[in-house]
Amino acid sequence: MLRVVLADDQDLFRAGFATILGAEPDIEVVADVPDGAAAVRAAREHRPDVVLMDMRMPVLDGVAATRQVCALTSSRVLALTMFDTDDHLYAALRAGASGFLLKDAPRADLVNAVRVVAAGDALLAPAVTARVIGELHRRGHPDPARAAAVTGLTPRETDVLRLIAAGLSNAEIAAHHHLSEHTVKTHVGNLLTKLHLRDRAQAVMIAYESGLVIPGR
């Protein structure tokens with residue numbers, strides 16, 4: 001069973017998400033809470049696979065709550081927002097979120113998002129990715145610390161990181177390099193370990209922040 005915590009200050013959203021996810025045979029909603037501080041407490045108590053985290057909540061906002069959940073637990077955070085232009089997008093990914101989901105997404109997309117994030121994959125819609133890349137472009141120069149970290153990768157791992165940032169799946173990377181999918185998974189696991197990253201969403205971030213991938217090219 002995939003264990004989920006719902007964090008949103010709007011009762012109707014929490015009730016709706018709980019009904020949709022609770023109807024799935026492999027998903028259990030273990031807690032639903034109305035603010036960021038309560039989300040952190042619930043994550044520490046229940047150790048869920050995924051926390052669905054609204055970005056705009058009282059007591060503790062979604063970005064700060066995401067940062068604490070990722071620092072204190074192994075739970076993955078799926079950030080919830082009403083708009084794909086939300087100014088919190090970049091900050092939430094920096095805080096450790098594994099992806100974003102619009103609150104008005106179709107039912108099937110919500111269920112799929114929970115499963116994708118729980119499996120350790122990134123969930124970045126094209127509009128969200130474009131927004132984040134735009135923010136990185138605005139920030140200008142690469143982060144020296146990130147750039148130094150990437151130099152510790154092997155040439156193959158570096159190339160796999162570029163392809164992850166381009167949005168390719170493991171199967172697509174395997175086809176691109178004529179490798180087995182198992183070999184690609186090994187490369188992905190190795191680069192995540194070397195760079196101290198939680199998942200592919202963080203790999204996308206470091207690829208751009210390090211200057212390995214240049215926005216617009």
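These legends accompany a set of close-up views of a predicted model.

**View 1. D54 sits in strand β3 among residues from elsewhere in the chain.**
Let's start with a residue that carries a database note: an unreviewed UniProt entry gives D54 the annotation "modified residue: 4-aspartylphosphate". Strand β3 spans residues 50-54, and D54 belongs to this strand. Is D54 buried or exposed in the model? Its relative accessible area is 5%, under the 20% cut-off, so D54 counts as buried. Setting aside neighbours within four places in sequence, the contacts of D54 are A7, D8, D9, G62, L80 and K103.

**View 2. Helix α2 has a set of buried residues and a capped N-terminal end.**
Helix α2 runs over residues 36-46. Which of its residues are buried? They are G36, A37, A38, A39, V40, A42 and A43. The cover over these buried residues includes strands β1 (2-7), β2 (27-33) and β3, together with helix α3 (62-72). At the N-terminal end of α2, the cap is D35, with a side-chain oxygen 3.0 Å from the backbone nitrogen of A37. A37 is thus worth finding twice in this view, as a buried residue of α2 and as the partner of the D35 cap. After α2 comes R47, which has a positive phi, near 50°.

**View 3. Helices α8 and α11 pack against each other at an angle of about 105°.**
Here we look at α8 (residues 155-165) and α11 (residues 200-209), whose axes are 9 Å apart. Because angles of 65 to 115 degrees count as roughly perpendicular, α8 is described as roughly perpendicular to α11. On the α8 side, the contact is formed by L161, I164 and A165. On the α11 side, look for R200, A203, V204, I206, A207 and Y208. What kinds of residues make up this contact? There are 8 nonpolar residues, no polar ones and 1 charged residue.

**View 4. A105 and G167 are two loop residues, each shown with a partner from another part of the chain.**
A105 is in the loop that joins β5 (99-102) to α5 (107-118). Its relative accessibility is 24%, so A105 counts as partly exposed. M82 is 23 residues away from A105 along the chain, and their C-alpha atoms are 9.5 Å apart. For the second pair, turn to the loop between α8 and α9, where G167 is located. G167 has a relative accessible area of 58%, over the 50% cut-off, and is therefore exposed. The C-alpha atoms of G167 and A122 are separated by 9.3 Å, with their positions 45 residues apart along the chain.

**View 5. V59 and H178 have positive phi values although neither is a glycine.**
V59 is part of the loop between β3 and α3, and its phi is about 70°. With a relative accessible area of 70%, V59 is exposed. H178 is found in the loop between α9 (170-177) and α10 (181-194), with a phi of about 60°. Is H178 buried or exposed? H178 is exposed, at a relative accessible area of 74%.

Terms used: Residues numbered from 1 in each chain as written. Predicted model: local features only at pLDDT ≥ 70, side-chain atom pairs only at ≥ 80, totals over all residues. Heavy atoms only, no water. Axes fitted to C-alpha atoms, helices over the stretch in contact; angles between N-to-C directions. Helix = DSSP H or I, 4+ residues; strand = E, 2+ residues; numbered from the N terminus. Parallel < 35°, antiparallel > 145°, perpendicular 65-115°, else oblique. Contact = heavy atoms within 4.5 Å. Nonpolar A, V, L, I, M, F, W, Y, C, P; charged D, E, K, R; others polar. Buried < 20%, exposed > 50% of the residue type's maximum accessible area, 1.4 Å probe, protein only. UniProt positions renumbered as here; feature names shortened; annotations may be inferred. Polar contact = N/O pair within 3.5 Å; in protein donor to acceptor, adjacent residues only side chain to side chain.
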